[in-house]
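This report describes the chain shown below, beginning with one residue and its partners and then turning to the overall form.

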Amino acid sequence: MEVSKEALTEAKRQIDSTLHKLRETLQTLRGKENPERYKSQITLAERRIRAFELANRLIERELSQI
């Protein structure tokens, strides 16, 4: 599948923005009075962060080949 440099750059920008928000959310959840109560939300945020970081690395690799 052929994707333009502009499309990859925009996708990376959007992922960076989402990662920033997820990291803030994770920090907030971990800082709650009883973080164990939010265990499933914390796990979900951590998994999403890892997935978006992987996507970002793949986009960066693709951009470097263009």
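In this predicted model, Asp 16 is partly exposed, its relative accessible area being 33%. The side chain of Asp 16 takes part in a salt bridge with Lys 12, in which the closest N and O atoms are 3.1 Å apart. Lys 12 and Asp 16 are four residues apart in helix H1, and therefore about one helical turn separates them.

**Lys 12 and its partners**

Lys 12 belongs to helix H1. The relative accessibility of Lys 12 is 19%; since buried means under 20% relative accessible area, Lys 12 counts as buried. A second salt bridge joins the side chain of Lys 12 to that of Glu 60, with an N to O distance of 3.3 Å. Because Glu 60 lies in helix H2 (residues 39-64) and Lys 12 in helix H1, this pair ties together parts that are 48 residues apart in sequence. Glu 60 itself is partly exposed, at 38% relative accessibility. Lys 12, Asp 16 and Glu 60 are thus linked in a network of salt bridges.

The surroundings of Lys 12 extend beyond these charged partners. When neighbours within four places in sequence are left aside, Lys 12 is in contact with Asn 56, Ile 59, Glu 60 and Leu 63.

**Other salt bridges and a helical distance**

The count for the model comes to five salt bridges. One of them is formed by the side chains of Glu 10 and Arg 13, at 3.0 Å from N to O. Both residues lie in helix H1 (residues 5-30), where Glu 10 and Arg 13 are three residues apart, about one turn of the helix. Glu 10 is partly exposed, at 35% relative accessibility.

Ala 11 is also found in helix H1, and is partly exposed with a relative accessible area of 29%. From Ala 11 to Leu 29 there are 18 residues in sequence and 27 Å in space, taken from C-alpha to C-alpha.

The accessibility of the residues discussed here is collected below.

| Residue | Relative accessible area | Class |
|---|---|---|
| Glu 10 | 35% | partly exposed |
| Ala 11 | 29% | partly exposed |
| Lys 12 | 19% | buried |
| Asp 16 | 33% | partly exposed |
| Glu 60 | 38% | partly exposed |

**The chain as a whole**

The chain contains two helices and zero strands. Its radius of gyration is 15 Å, well over the 11 Å that the globule rule gives for 66 residues, so the chain is more spread out than a compact globule. Along the principal axes, the C-alpha atoms fill a box of roughly 45 × 15 × 15 Å.

Among contacts in the chain with a separation of 6 or more, 68% are between residues 24 or more positions apart. The salt bridge between Glu 60 and Lys 12, with one residue in helix H2 and the other in helix H1, joins parts 48 residues apart in sequence.

Buried residues make up 18% of the 66 residues. The exposed area of the chain is about 5300 Å², of which carbon and sulfur atoms supply 50%. As to charge, the chain carries 14 positive and 11 negative charges, and the mean positions of these two sets are 5 Å apart.

How values were computed: Residues are numbered from 1 along each chain as its sequence is written. This is a predicted model: local features need pLDDT of at least 70, side-chain atom pairs count only at pLDDT 80 or more; totals for chains, interfaces and linings use all residues. Side-chain values use heavy atoms; hydrogens and water are left out. The radius of gyration is taken over C-alpha atoms; the globule rule is 2.2 Å times the number of residues to the power 0.38. Buried means under 20% relative accessible area, exposed over 50%, partly exposed in between (1.4 Å probe, protein chains only). Contact means heavy atoms within 4.5 Å. Accessible areas come from the Shrake-Rupley method with a 1.4 Å probe; for residues, only the protein chains shown count as cover. Lys and Arg count as positive and Asp and Glu as negative; His and the chain ends are not counted. The place of a charge is taken as NZ of Lys, CZ of Arg, CG of Asp or CD of Glu. A salt bridge is a side-chain nitrogen of Lys or Arg within 4 Å of a carboxyl oxygen of Asp or Glu.
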